[in-house]
Amino acid sequence: MPLSPSSSAQAAREVVAQRLRDLRKTAGLTVTELADQCGWHHAKTSRIENARTAPSATDIRLWCRASGAQGQAEDLIAQSLHAESMYTEWRHQVRSGLKQLQDSAVQFFHDTRLFRVYSSSLVPGLLQTEGYAAGVLGISAQFRDLPVDDSAEAARARVQRSRVIHEPGHRFVLLVEEAALRYQIGDSDAMAAQLGYLLTAGALPQVSLGVIPMSLPQRVQWPRETFHIYDDRLVSVELVSARVKITQPSEIVLYLKAFEQLHGMAVYGAGARALIVKAIDALR
């Protein structure tokens with residue numbers, strides 16, 4: 001696995017930075033000379049070339065003009081925008097509220113055929129009940145100091161979005177660490193309802209629900225950050241500060257490999273139900 005799930009975003013930024021550096025050097029310009037032609041301080045040139053500052057579209061056009069490479073500007077702008085879209089801070093995503101964030105993914109969910117989800121700490125969102133989802137999103141709203149807590153509305157929107165599991169043409173392979181069944185979100189009644197729903201949803205023919213036992217004698221993968229694989233085209237990784245969207249094929253392959261190894265450690269059917277029932281009993 002990558003050292004950091006944001007590595008693909010940073011790598012994409014570095015590719016853009018390297019291309020800009022190469023243009024400057026090919027033009028025979030020093031850092032200071034390019035900065036003078038672009039009308040900014042030479043320190044900005046260094047920050048851009050070292051991928052510490054993301055260049056704006058105007059920055060790239062000025063850079064390409066100074067380097068005599070105007071024809072490459074639009075391609076570089078597109079590449080830079082793609083790099084920045086891969087790493088999106090939560091504070092930007094939740095500016096319009098948590099409900100809007102849930103609603104924004106509805107069409108994408110309808111378009112996805114195969115969902116593969118691994119979660120080490122929470123019940124996957126696709127299988128969350130409204131009470132459990134309200135607890136999760138309420139914690140998120142409080143942590144991020146949102147001016148308006150719309151977690152209750154967002155929870156309803158999440159459950160509505162999750163009805164995709166009942167629509168034909170989709171398959172769901174969902175893996176959860178047993179520990180996630182024990183972390184109590186909300187009160188005991190909400191948690192019991194959530195675990196009870198797992199018994200029902202896990203029995204759906206289009207859903208494969210695996211639980212990785214805490215007592216597993218030997219692991220081939222340690223608990224990872226939560227990640228979602230949508231078909232074979234996108235991996236979404238959830239961090240404390242941001243969501244990372246990975247589209248680089250070589251990194252997607254690594255996540256697929258990790259998922260298959262985690263999949264091999266899980267129990268299914270009666271084995272998974274026994275662990276869920278055990279978690280329910282622990283609430284009493």
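This passage describes strands, helices, loops and cysteines of a predicted model.

The description begins with the strands. Strand β3, which covers residues 171-177, is mostly covered, since six of its seven residues are buried. On one side β3 is joined to β2 by six bridges, and these two strands run parallel; within this pairing, Leu 114 stands opposite Arg 171 of β3. A parallel pairing, again over six bridges, also links β3 with β4, and here Leu 174 has Leu 209 of β4 as its bridge partner. Between β3 and β4 the chain passes through helix α11, and the resulting β-α-β crossover is right-handed.

Strand β2, made up of residues 114-119, is in turn joined to β5 by four bridges, but in this case the two strands run antiparallel. One position in the pairing can be followed directly in the structure, where Tyr 118 stands opposite Phe 227 of β5. Strand β5 itself, residues 227-230, is covered on both of its faces: Phe 227 and Ile 229 are buried on one side, while His 228 and Tyr 230 are buried on the other. Phe 227, the residue opposite Tyr 118, thus belongs to one buried face of β5, whereas His 228, on the other face, has Ser 236 as its bridge partner in β6.

The pairing of β5 with β6, a strand of residues 234-238, is antiparallel and extends over four bridges. These two strands form a hairpin with three residues between them, and the turn contains Asp 231. The phi angle of Asp 231 is positive, at about 50°, although this residue is not a glycine. Most residues other than glycine have a negative phi. Asp 231, placed in the loop between β5 and β6, is also buried, with a relative accessible area of 16%.

A positive phi is likewise found at Ala 51, which is not a glycine either and has a value of about 60°. Ala 51 is located in the loop that lies between α3, residues 42-49, and α4, residues 57-66. With a relative accessibility of 14%, Ala 51 counts as buried.

Among the helices, α13 can be described in some detail. This helix comprises 13 residues, numbered 270-282, and spans 18 Å from its first C-alpha to its last, close to the 18 Å expected at 1.5 Å a residue. Its buried residues are Ala 272, Leu 275, Ile 276, Ala 279 and Ile 280. When α13 is viewed down its axis, these buried residues fall within an arc of 145°, so they line one face of the helix. The elements that cover them include α11, residues 188-201, and β4, residues 207-212; α11 is the helix through which the chain crosses from β3 to β4.

Lys 278 also lies in α13, but at 49% relative accessibility this residue counts as partly exposed. In space, the C-alpha atom of Lys 278 is 9.5 Å from that of Arg 182, although the two residues are 96 positions apart in sequence.

A further buried position is found in helix α1, residues 7-26, which contains Leu 20. Leu 20 has a relative accessible area of 1% and is buried. When neighbours within four places in sequence are left aside, Leu 20 is in contact with Ile 48, Pro 55, Trp 63 and Leu 76. For Ile 48, which is 28 residues from Leu 20 along the chain, the C-alpha separation is 8.3 Å.

Finally, the cysteines were examined for disulfides, of which the structure holds zero. A disulfide is a covalent bond between the sulfur atoms of two cysteines. Cys 38 is in no disulfide, and the cysteine sulfur nearest to its own, that of Cys 64, is 9.2 Å away. Cys 64 is likewise in no disulfide, its nearest cysteine sulfur being that of Cys 38. Because the criterion for a disulfide is a pair of cysteine sulfur atoms within 2.5 Å, the separation of 9.2 Å does not satisfy it. Cys 38 is nonetheless buried, with a relative accessible area of 9%, and Cys 64, at 0% relative accessibility, also counts as buried.

Key: Residues are numbered from 1 along each chain as its sequence is written. This is a predicted model: local features need pLDDT of at least 70, side-chain atom pairs count only at pLDDT 80 or more; totals for chains, interfaces and linings use all residues. Side-chain values use heavy atoms; hydrogens and water are left out. Buried means under 20% relative accessible area, exposed over 50%, partly exposed in between (1.4 Å probe, protein chains only). Two strands pair if DSSP finds at least two bridges between them. The expected span of a helix is 1.5 Å times one less than its number of residues. The arc is that of the directions from the helix axis to the C-beta atoms. Contact means heavy atoms within 4.5 Å. A crossover is right-handed if, with the strands pointing away from the viewer, the path from the first strand over the helix to the second runs clockwise.
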